[in-house]
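Visitor: Could you walk me through the reasoning behind the labels used for this model? I would like to see each value set against its cut-off.

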Amino acid sequence: MVNRIKQLEKLSRALEPNAEERALFLAKVVHYANSFLENINHVPAYRATTDEGIGLYDSPISEEPIGIDTALNLIKQNVDRPGVNVGSGGYLCFIPGSGLYHSALADYIAAVTNRYAGVYFASPGAVRMERMLLRWIADFIGYPESAAGDLTSGGSIANIIGIVTARDAHDLKAKNFERSVVYLTKQAHHSIEKALRIAGLKECIRRFIPLDEHYRMKAEALEQAILNDKKSGLNPWLIVAAAGTVDTGAVDPLDSIVDISKAYQLWLHVDGAYGGAFTLCDMGKKILKGIERSDSMIIDPHKGLFLPFGTGAVLVKDGEKLRQAHYYEASYLQDTEKLASSDEISPAELSPELSRHFRGLRLWLPLKLIGVAPFRAALKEKLLLARYFYEKMQNIDGFELGPYPDLSIVTYRYIPKRGDVNKFNQQLNHAVQKDGRIFLSSTMIDGKFTLRLAVLGFRTHLDRIDQAIEILQEKVKEIEVLK
Ligand SMILES: *Cc1c(COP(=O)(O)O)cnc(C)c1O
């Protein structure tokens, strides 16, 4: 038996590279990362390839190692080449991501040190760091000391946590689901519907409140709907408002909606996955006024705070409600209570997760190394860039603009002199994507094929917006000549 164990040990020791191997791996990885970053603004914002990464399958997972050069080359050819280049300043579609380099360094440390961030006694420092960051977010949102929250993997999970908390805070029971009503608009993110389903609330009635000409929820219509439902003996319990919709960046009239939620005692959850971070700058704070009076809200640091994908956040104003929906008890965790002197609450008591990535570090390190001021500046810059684009485009013949932007998304389309408008804009969208220098996306609004420009990447500056305007005009001309 000892011999067998020793044989296995010999092989299993490969799991721990020695100092020389570590230095080699690190140098190669750093070289790879540097060449990626040096090219990020030069490679296309979108690259279609015929192989679409299929080369990965030619190198199946096997008993034998392949070496770092081959591995990095597989990543380069198959993962980093095809598809969208999210970090490019020309990525102006969907909701852009960015990928702060400082966060990558933090992820490296977090993975090497592997602090156990789920439970306070296991890593009080990691838990305190996350608490501090959530407090920082709560402060700029305007939530009081009573608030508690969780750093999640993203906005969809954060929405689930918010909705589950609302469900339990209202003591909603299965037998009442069919007569309980949720108020939202057709512009709500699809993750809300998904969260309701996952939270077991499929049977709840959805009331889609009409939109005004800015695609914001009509507050009067909301109040009327609640009154009607109350009259019919139904149980209105949840309002989901948007602090920045994906289609148009519209912000629902939060102040009026809060007043209604308070008057009729409904829970108000605000989806600020895209827009919440704008409250960091003075201009955004005004636009999102009222968010601080909601019951729960989410924000996606991997959007508005420029982190690499993998970090969302949820905050609940009455933190105890969050805990009541997520606490745990387990006898094999009994030691964890006795070992900690402080009564700091563990993330595992505030979320569905137990073991988790030490996410706090990827937000903390950039804030420490850069300071908050450049984040505020970048967010205000994005708001102004969207306004700049709107005003320029308004003066270009043939373009029809959507509503003036609430945040950093502008919708528009080209009205050709002849022919089908939707078809023309489909062609225009396709031509811009094929060109690849910038990447825009489209949506359907009121049956109209609509183009949208979304500014949120930290690498997107004035020159890119000017370039987008030029490319759009150039492609319009090319399509018109063909007609
Ligand atoms: C992105 C987004 C979500 C979903 O967040 P993920 O981080 O992608 O899971 C929800 N709501 C809005 C408004 C969003 O923009």
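Visitor: Why are α6 and α12 called roughly perpendicular to each other?
Guide: In this predicted model, α6 and helix α12 (residues 319-326) pack at an angle of about 95°. Angles of 65 to 115 degrees count as roughly perpendicular, so α6 and α12 earn that description. Their axes are 9 Å apart.

Visitor: Which residues in α6 and α12 meet?
Guide: From α6 come Ile161, Val164, Thr165, Asp168 and Ala169, and they meet Lys321, Leu322, Ala325 and His326 in α12. Sorted by kind, the residues of this contact are five nonpolar, two polar and two charged.

Visitor: Turning to the ligand, what makes the pair formed with Asp300 a polar contact?
Guide: A polar side-chain atom of Asp300 lies 2.6 Å from an oxygen atom of the ligand. A polar contact is a pair of N or O atoms within 3.5 Å, so the Asp300 pair qualifies. Lys303 also brings a polar side-chain atom, 2.8 Å from a ligand oxygen. With Gly155 the partner is a polar backbone atom, 2.7 Å from an oxygen of the ligand.

Visitor: How much of the ligand does the protein bury?
Guide: The protein buries 85% of the 380 Å² that the ligand exposes when taken alone.

Visitor: Which elements give two or more residues to the shell around the ligand?
Guide: Those are α6 (155-169) and α11 (301-304). With three residues, α6 gives the most. The shell as a whole divides into four nonpolar, eight polar and three charged residues.

Terms used. Residues numbered from 1 in each chain as written. Predicted model: local features only at pLDDT ≥ 70, side-chain atom pairs only at ≥ 80, totals over all residues. Heavy atoms only, no water. Polar contact = N/O pair within 3.5 Å; in protein donor to acceptor, adjacent residues only side chain to side chain. Areas by Shrake-Rupley, 256 points an atom, 1.4 Å probe, with all protein chains shown as cover. Helix = DSSP H or I, 4+ residues; strand = E, 2+ residues; numbered from the N terminus. Nonpolar A, V, L, I, M, F, W, Y, C, P; charged D, E, K, R; others polar. Axes fitted to C-alpha atoms, helices over the stretch in contact; angles between N-to-C directions. Parallel < 35°, antiparallel > 145°, perpendicular 65-115°, else oblique. Contact = heavy atoms within 4.5 Å.
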